[in-house]
Amino acid sequence: MARLERVRRGRWLAVCLAFCLVAGQGLAVRTAPELPDPGNPPMSRDQQKQLGLQAAGEVYKQMPVLPDSSRETQYIQKLGKRLAATIPPERSWPFQFHVIAQKEINAFALPGGPMFINIGTIQAADNEAELAGVMAHEMAHVYMQHSAKQQEKASLLGGLAGIVGGIAGRMGGVWGTLAQSGIQFGAGTLILKYSRSDEAQADEVGAIILSKASYNPVALADFFEKIEKQGSSGPQFLSDHPNPGNRRAAIEREIAEWPVRKYGHESPEFAAVRKDAASVRAYTAQEIADGAKSGRWAAENPKNGAVFSEATSGGSATVGTASQTNVGSVPTVPVTDVQPSSIFQQTDLSTMKIVRPENWDVMQGQQQGSVTIAPRPGVSGSAVAYGVVIQVVQPPSANMSVQQITAAIVRSLESSDSRMKQSGEIQAITVNGVAGGSVELQTVSPLADEEGKAQPERDWLVAVPRGDGNAIMIVFVATQRYFEQMRPTFEKMLRSVQF
Ligand SMILES: [Zn+2]
């Protein structure tokens with residue numbers, strides 16, 4: 001090696017003798033590559049992380065994700081950490097690595113660091129460097145903040161957001177922002193569209209990451225070429241990552257500038273994991289789309305998906321959950337989609353009867369003994385943006401007055417959502433001849449406004465003690481903006497209650 005270096009310097013000297021006068025920098029010694037400055041898109045790092053977590057939560061609902069304990073995930077996490085270690089901490093992201101049980105070749109990384117690798121990708125790689133190549137390329141998209149920069153471009157161009165976003169583009173809130181960042185969910189498909197210049201840059205930066213982790217950067221080009229040859233098994237990946245031109249030549253040109261170094265790291269687990277991957281039940285894109293529609297993946301996915309639930313669902317109107325409503329957890333809908341019909345139907349909930357607008361459905365609530373009556377677009381997971389939540393609750397002690405029971409429910413609601421605040425005094429009310437308590441509360445709606453900003457929510461709580469020592473809690477929920485418009489419906493529903 002020392003001799004090689006001497007020969008190399010000798011050659012540089014010779015070159016310099018010829019060109020020194022015109023290019024003094026020809027004397028420079030080749031230096032190890034450094035990651036470029038990723039720049040500062042207007043979307044903050046925190047916003048990018050939040051978007052990534054929201055989208056990751058959606059992935060767990062729409063795709064079969066292997067549990068973290070699986071052999072494949074353990075291995076991918078180890079490989080991912082090795083690559084992430086090449087990024088200086090001040091410019092790094094909270095990378096996460098997950099494996100999707102999908103046959104086709106694909107991999108994607110979300111803003112802020114969550115990365116998903118299809119099991120088909122592990123099987124298609126001939127060596128660890130190829131797999132590391134795809135992951136380094138994805139990591140480079142995160143490092144360079146390409147999604148956030150796309151959003152910047154989209155907002156500069158205005159109308160582009162609608163074209164990029166399609167249906168998602170009509171939504172405000174987080175999903176609108178995701179769409180503007182080139183992230184869309186179809187049925188079971190996450191689409192991230194990068195430009196050719198993003199692609200060239202992700203290759204360039206990915207090659208540096210690979211080199212620093214002792215993998216031959218050319219393996220990245222090897223793998224992309226392989227996907228192109230395979231044709232049908234990686235079309236999504238290829239349409240998301242359009243070929244910027246000759247990847248191989250670009251990478252070879254890039255590494256020719258670097259000091260000669262020995263690559264070839266290959267961990268012993270690769271071959272065993274690749275073999276094991278063949279025995280994992282994997283699904284086709286079509287099966288995954290069907291499962292997303294039927295809710296299969298949301299039901300089957302491992303509990304570790306819950307790490308995202310904080311970011312994807314709230315519980316503004318549930319008692320006893322310590323969840324906070326997150327703005328954007330209910331996709332923005334035009335108010336016409338949640339507007340109550342003037343035709344009412346009788347609904348028998350066994351403990352009580354109530355009428356409801358015919359376009360508002362009866363749904364099992366998040367809590368036991370709880371029912372939500374709401375327009376479907378106004379609800380997502382446990383978050384209710386418009387509708388009525390009805391729940392049987394047990395007061396903390398017997399012989400409490402109506403006033404005390406109502407106050408206890410208010411405290412419970414406030415403790416489950418730190419932004420929930422009582423507004424005004426508890427008033428007496430009579431429901432179906434029974435004395436109850438009535439009070440209004442305010443919090444932040446899970447629904448962002450048209451500009452994607454948080455908006456206030458108004459809740460009207462009515463509590464009615466029952467003879468059996470329990471009480472019935474009815475919470476009418478709407479955004480502050482449309483509460484008065486919905487109030488006649490809420491009042492009609494309350495007047496119809498029969499125990
Ligand atoms: Zn790419």
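This short talk walks through two sheets, some helices and the nonpolar cores of one predicted model.

Before I begin, residues are numbered from 1 along each chain as its sequence is written. Because this is a predicted model, local features need pLDDT of at least 70 and side-chain atom pairs count only at pLDDT 80 or more, while totals for chains, interfaces and linings use all residues.

Let me start with the sheet of 3 strands, which is open, has the order β1-β3-β2 and shows mixed pairing; here strands are DSSP runs of E with at least two residues, helices are runs of H or I with at least four, both numbered from the N terminus, and two strands pair if DSSP finds at least two bridges between them. The edges are β1 (96-100) and β2 (107-109), each of which pairs on one side only. Between β1 and β3 (residues 114-118), which run parallel, there are 5 bridges, and Ile-100 stands opposite Asn-118 in β3.

Two helices lie across this sheet, where contact means C-beta atoms, placed from the backbone, within 7 Å. Helix α5 (residues 128-143) lies across β2 and β3 and runs at about 25 degrees to β2, whereas α3 lies across β1 and β3 at about 145 degrees to β1; such angles run from 0 to 180 degrees between N-to-C directions, with axes fitted to C-alpha atoms, for helices over the stretch in contact.

Helix α5 also leads us to the interior, since α5 gives the most to the largest nonpolar core, with 10 residues. That core has 70 residues, and among those with the most contacts inside it are Leu-83, Met-139 and Ile-209; a core is a set of buried Ala, Val, Leu, Ile, Met, Phe, Trp, Tyr and Cys residues joined through C-beta atoms within 7 Å, and buried means that 20 or more other C-beta atoms lie within 10 Å of a residue's own. A second, separate core of 47 residues includes Met-352 and Trp-360.

Turning to the other sheet, 7 strands form an open, antiparallel arrangement in the order β8-β9-β12-β16-β15-β14-β13. Why is one side of β8 (361-364) and of β13 (421-431) left without a neighbour in the sheet? Each stands at an edge with a single partner strand, so one side of each has no neighbour there. Further in, β9 (residues 370-374) and β12 (residues 387-393) pair over 4 bridges, and Thr-372 has Val-389 in β12 as its bridge partner. Finally, helix α18 (residues 480-495) lies across β12, β13, β15 (456-465) and β16 (471-479), running at about 145 degrees to β16.

Methods:
Buried ≥ 20, exposed ≤ 12 C-beta atoms within 10 Å, placed from the backbone.
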